[in-house]
Each structure stands twice: as C-alpha cells, then as structure tokens.
Amino acid sequence: AQLNRDERPMACYYQFVHWLRSFHPRAALFAGRVGEVRWPWAAMAAALVAVSMAFSVRGQGSRRIGAWAMAIGSFSLMACEVSILLAYQVFCGYLYYKLAIILAVLMLGMAAGTALGAPRKARARPQMLAGIHALVAVYAVGFAWFAKFMGTVASGQSAGIEGGFLLLAGGIGGLIGFEYPIANQIYLGPDVDDPRKAGFIYGVDLIGSCIGALWISLWALPVLGVGATLAI
C-alpha cells in the first residue's frame, strides 16, 4: 500500500476501491490495478493522447482544432480547480468556510476572460489557441511551484495565502474564459449564424469539464498527487 499524504490522499482512493468491491467486484479489481500506476506511465498516456489528437486534426482545417482546444481547455480548467480546492484544504484547513468565494472568483475570472475575448473573436486564429494553452502550461508550472513553496512555510489562516489561492482561481478562469469565444469562432467559421452548430462548442466545454472533474478527483489527485497531476 502507498502512504497517504496531504497532497496525495491515497486513502481516499483505497476507500473508493473498497466500497466499489461491494457492488462491482470486477470494476474494483480494475480500479485497484489502475491505482498502482505511477506518474511516468500517466505522462506517457497523456503524450499518446496528445499525439492522437494531433493526427485527428490533420487535413481537417481549423474547425476541429477549435473543438479539441476547447475540450482540453475545459479539462485543464477543472483539473486546476479541483487541485486548488484540495491544496487550499491542505494548507489552510478550512475549505468549506471559503468554498463559495473560491468558486465565485473562478467564475468572475471566466466572465472577465470571456468579456476580453469576445471583441477579439473576429481575429481568431489557431495560433491564438496555441498561445492560450502555452499560458495554461505556464500557469500549471507556477501552481506546482506555489504548492511546493507552501509546503515549506507555515500553513494556516493568512490573508497572503488566501489571496494567492484566489489569484490562482481567477487566473485559470480568465484564461479559459478568454478561450471560449476564440474557439467558438474558429469552429463556426463562416457558419457563425447556423443554429445547428451554435451549441457544439458549449457541449464540448461541458464534456471536457465533466471528464476532468471525474478523472482528476477520482484518480489523478489521490494516485499521483497535486504536483504530478499539474505537471501532466
């Protein structure tokens, strides 16, 4: 068995597998094996998915790139959001007391990002999506550094610590909020007024968020930990 850590709550995953065994033994057996995966294998799987996505957009123009980019962006948003909530509980110890304000700041960041991105959608290009995702990567590295730094200082109630977490929440919300109108414009292209396609990017946004919430909270954070999850 793996040791349970604050930033890697493996005991939560063991309890999940334990209860799953009572209802779906075969699924519990599979979950137990998946729980033994370490970060190098997870990184290889992520790289394989990325390469598969790259091949899927070859020769398809920019429309499919807009859809994939929004799905990855929403997945990354939810991964960072769940990581923020876990890290806040680890370092501050009273998440439920501040849960509403953390989520409100994240939503405020999304609204601000969308407001900034909407006037620029007329100039939307795939290169803009690449720039946004590069910033998301920089954000994840910065978040991992922040979490590592927090592990070396005294934790608890502090305006500076709380402000740092609120900046993290608003930052990732702003980046993905900015991406939404850009990805939507790239996907729609000349069919911007076609009502049959108007909700596709929104649907992709929700699917990416749903997968991110489930995969990150049920498996990645307990098995890999905050740092490895952000890195991948």
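Both Y88 and Y94 are buried in this predicted model. The rings of these two tyrosines have their centres 5.8 Å apart and their planes at 80°, so the pair is classed as edge-to-face, given that planes over 60 degrees apart fall into that class. The two residues do not stand alone, since Y88 and Y94 form one aromatic cluster together with Y97, F146 and F165.

Across the whole structure, a search finds 10 aromatic pairs. One of these is formed by F75 and W215, whose ring centres are 5.9 Å from one another and whose planes make an angle of 40°, an arrangement that is tilted. Because F75 belongs to helix α4 (residues 63-92) whereas W215 belongs to helix α8, this pair ties together parts that are 140 residues apart in sequence. With regard to solvent, F75 has a relative accessibility of 25% and therefore counts as partly exposed, and W215, with a relative accessible area of 34%, is likewise partly exposed; both values lie between the limits of 20% for buried and 50% for exposed residues.

Helix α8, which contributes W215 to the tilted pair, spans residues 200-224 and also contains L218. The helix has a kink of about 50°, centred on I216. L218 is partly exposed, its relative accessible area being 40%, and this residue joins F16 and L214 in making a nonpolar surface patch of about 250 Å². Just after the end of α8, the backbone at G225 takes a positive phi of about 95°.

A further position examined is N184, which lies in helix α7, a segment comprising residues 159-188. The relative accessibility of N184 is 16%, and the residue therefore counts as buried, the cut-off for this class being under 20%. When residues up to four places away in sequence are not counted, N184 touches A198 and I201. I201 falls within the range of residues 200-224 that defines helix α8, so that the contact made by N184 with I201 is one between a residue of α7 and a residue of α8 by the helix assignment used here.

Note on methods. Residues are numbered from 1 along each chain as its sequence is written. This is a predicted model: local features need pLDDT of at least 70, side-chain atom pairs count only at pLDDT 80 or more; totals for chains, interfaces and linings use all residues. Side-chain values use heavy atoms; hydrogens and water are left out. Helices (H or I, at least four residues) and strands (E, at least two) are DSSP runs, numbered from the N terminus. Buried means under 20% relative accessible area, exposed over 50%, partly exposed in between (1.4 Å probe, protein chains only). Contact means heavy atoms within 4.5 Å. Patches are made of residues with over 30% relative accessible area and no salt bridge: like charges are joined within 9 Å, nonpolar side chains (Val, Leu, Ile, Met, Phe, Trp, Tyr) within 5 Å. Accessible areas come from the Shrake-Rupley method with a 1.4 Å probe; for residues, only the protein chains shown count as cover. A salt bridge is a side-chain nitrogen of Lys or Arg within 4 Å of a carboxyl oxygen of Asp or Glu. Rings of Phe, Tyr and Trp (its six-membered ring) pair if their centres lie within 6.5 Å; planes under 30 degrees apart count as stacked, over 60 as edge-to-face and the rest as tilted. The bend at a residue is the angle between axes fitted to the seven residues ending there and the seven starting there.
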